[in-house]
Number of protein chains: 2
Amino acid sequence: MLNPGRPREFDETDALNKIMNLFWQNGYEGTGLSDIIKATGLAKGSLYGAFGNKQSMYLKALMHYEQQVIDTAVAALRGPSIPPLERLDAFLSLPIAAIADEDSRGCFLCNASADRASLDEETKAATKRGHEKLRAALATAVAAALPGISTQRAERKAEVLLNVYTGMRIMSRAGSSVGMLESTVQEVQDSVMMV
Amino acid sequence: MLNPGRPREFDETDALNKIMNLFWQNGYEGTGLSDIIKATGLAKGSLYGAFGNKQSMYLKALMHYEQQVIDTAVAALRGPSIPPLERLDAFLSLPIAAIADEDSRGCFLCNASADRASLDEETKAATKRGHEKLRAALATAVAAALPGISTQRAERKAEVLLNVYTGMRIMSRAGSSVGMLESTVQEVQDSVMMV
DNA sequence: TCCTTTCTTGACCAATCGGTCTATAATTAG
DNA sequence: CTAATTATAGACCGATTGGTCAAGAAAGGA
């Protein structure tokens, strides 16, 4: 009954990774179909067949990022392998490590928030989900790091951390030095994570 | 000797304001010459004659923002009319006021940092200048607000404030509520500005 | 009244944009 | 083998992109 037809010749996940990297690096408008064709080696028809139009590709790339990167960060924030304060420090240090690795892409979630979220409702919803995941994991880690703190206060501190993280990611794309970012992390540790 | 030629018929500052608003709202790639023509009512030739190509228009718009908005914020941070702690609070509350006014443009300096700074060196230099102005003014205000604090510590706190500000501006474009932003400001006041 | 200079307008340009569609290839069910 | 189904490749599409240019208009100097 169901006739399977010709099988797909490329690895969809591989292709999606390449698409993600393009949007991550260059943003929505800064990435053309021609760039995607070049990077994936696929023809237009195959791309549209597998991922839909450009907007759909972008959204799939962003959701892929959410699964691959954000969920990993959330797991690290929740993982009890090291003390919660160190987990929070590790999270805030992600932007520093990226700069040290000369990775200029920043955080796709942050880039999407700045770039596309205000223009497209689906993107805005996706970024809100990503933020919410981080917010919740940060609040849990803060509560664990500062026993006795009220839930509301932990959430407030988590909100600060999320904003600091986003700010560092954006600032680093504009040339923040490792030293500036380290100062920021240091001061957050000494003030926000102390009171 | 010097022949003056036909005088310009439009107000350059008016036009630059309109151009600035477009790039501010929609970013570099998201703004087309056609949008600029529509908004200013000017023909292509007049625009190129007065402002150069698109890249040059963007840069002029960003520098105009720096003069009009950033310099105003810096002056408010340095102005001794109210206590330094309140000046810092007012600065951090700018993103909240913008949302309350349903102004979805965010901060052009922050948008440019996310959008264009990593792709164009001139834009990166312009954003760095803007950041440096804010950094210095914040550090001065912090030092005044927390007498006895070391210069280095004041600069560290200023760096945190700059990152929090940038983060709030970006997050608000992705749907941060007034409540979330108020939590952030409140917590910064209670922790960063206390120790 | 020219002449020179600058500004304005919009036609025009090649290149690129995102997107569609057709012809062909590859697969399996029957 | 045939029929049905899906994937691939890329020709093709109209629209739009940033940018140029030529013709005419508006000013002051000579």
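Mentor: Let's start with a cut-off: a residue counts as buried if 20 or more other C-beta atoms lie within 10 Å of its own. Keep in mind that this is a predicted model.

Trainee: Okay, let's try it on one residue. Is Met168(A) buried or exposed?

Mentor: Count its neighbours: 33 other C-beta atoms lie within 10 Å of Met168(A), so this residue is buried. You'll find Met168(A) in helix H9 of chain A.

Trainee: Which residues is Met168(A) in contact with, leaving aside its neighbours within four places in sequence?

Mentor: From its own chain, Pro95(A), Ser176(A), Leu181(A) and Thr184(A) are in contact with Met168(A), and Asn163(B) joins them from chain B. Sequence distance can mislead you here: Leu92(A) is 76 residues away from Met168(A) along the chain, yet their C-alpha atoms are 8.6 Å apart in space.

Trainee: Can we go from one residue to a whole helix? How many residues of H7(B) are buried?

Mentor: You just apply the test residue by residue. Helix H7 of chain B, residues 108-115, is mostly covered, with 8 of its 8 residues buried. The buried set includes Phe108(B), Asn111(B) and Asp115(B).

Trainee: And what do the buried residues of H7(B) pack against?

Mentor: Both chains take part. From chain A there are helices H7 and H9, and from chain B there are H1, H4, H8 and H9.

Trainee: Next, helix pairs. At what angle do H9(B) and H10(B) pack?

Mentor: The angle is about 170°, and the axes are 11 Å apart. Angles over 145 degrees count as roughly antiparallel, and H9(B) and H10(B) are therefore roughly antiparallel to each other. On the H9(B) side the contact is made by Val164(B), Met168(B) and Ser172(B), while H10(B) supplies Leu181(B), Thr184(B) and Val188(B). By class, that contact has 4 nonpolar residues, 2 polar and no charged.

Trainee: How should I think about the two protein chains together?

Mentor: Two copies of a chain are related by a rotation about an axis and a shift along it. Here a rotation of 180° with 0.0 Å of shift puts chain B on chain A, at an RMSD of 0.0 Å. That is the relation of a two-fold axis. If you want to place the axis in chain B, look for Gly167(B): its C-alpha is the nearest, 1.9 Å away.

Trainee: How many residues of chain B are in contact with chain A?

Mentor: There are 41 from chain B, in contact with 41 residues of chain A. H7, H8, H9 and H10 of chain B each give two or more residues to that side, and H9(B) gives the most, with 13. The side divides into 15 nonpolar, 16 polar and 10 charged residues. Also, 100% of the interface residues of chain B are interface residues in chain A too, so the copies meet through the same surface.

Trainee: Last stop, the DNA. Which residues come nearest to strand D?

Mentor: Of the 26 residues around DNA strand D, the nearest are Gly5(A), Arg6(A), Gly45(A), Arg6(B) and Gly32(B). H3(A) gives the largest share of that surface, 4 residues. By class, the surface near strand D has 8 nonpolar, 11 polar and 7 charged residues.

Trainee: And which residues are closest to DNA strand C?

Mentor: Strand C is surrounded by 26 residues, and the closest are Arg6(A), Gly32(A), Gly5(B), Arg6(B) and Gly45(B). For strand C, H3(B) gives the most, with 4 residues.

Conventions: Residues are numbered from 1 along each chain as its sequence is written. Chains are lettered from A and ligands numbered from 1 in the order in which they are written. This is a predicted model: local features need pLDDT of at least 70, side-chain atom pairs count only at pLDDT 80 or more; totals for chains, interfaces and linings use all residues. Axes are lines fitted to C-alpha atoms, for helices over the stretch in contact, and angles run from 0 to 180 degrees between N-to-C directions. Angles under 35 degrees count as roughly parallel, over 145 as roughly antiparallel, 65 to 115 as roughly perpendicular and the rest as oblique. Two residues are in contact if their C-beta atoms, placed from the backbone, lie within 7 Å. Ala, Val, Leu, Ile, Met, Phe, Trp, Tyr, Cys and Pro count as nonpolar, Asp, Glu, Lys and Arg as charged, and the others, Gly among them, as polar. A residue is buried if 20 or more other C-beta atoms lie within 10 Å of its own, exposed if 12 or fewer, and partly exposed in between; C-beta atoms are placed from the backbone. Copies are superposed by least squares on the C-alpha atoms of residues with pLDDT of at least 70 in both. A residue is near a molecule or strand if its C-beta atom, placed from the backbone, lies within 6 Å of it.
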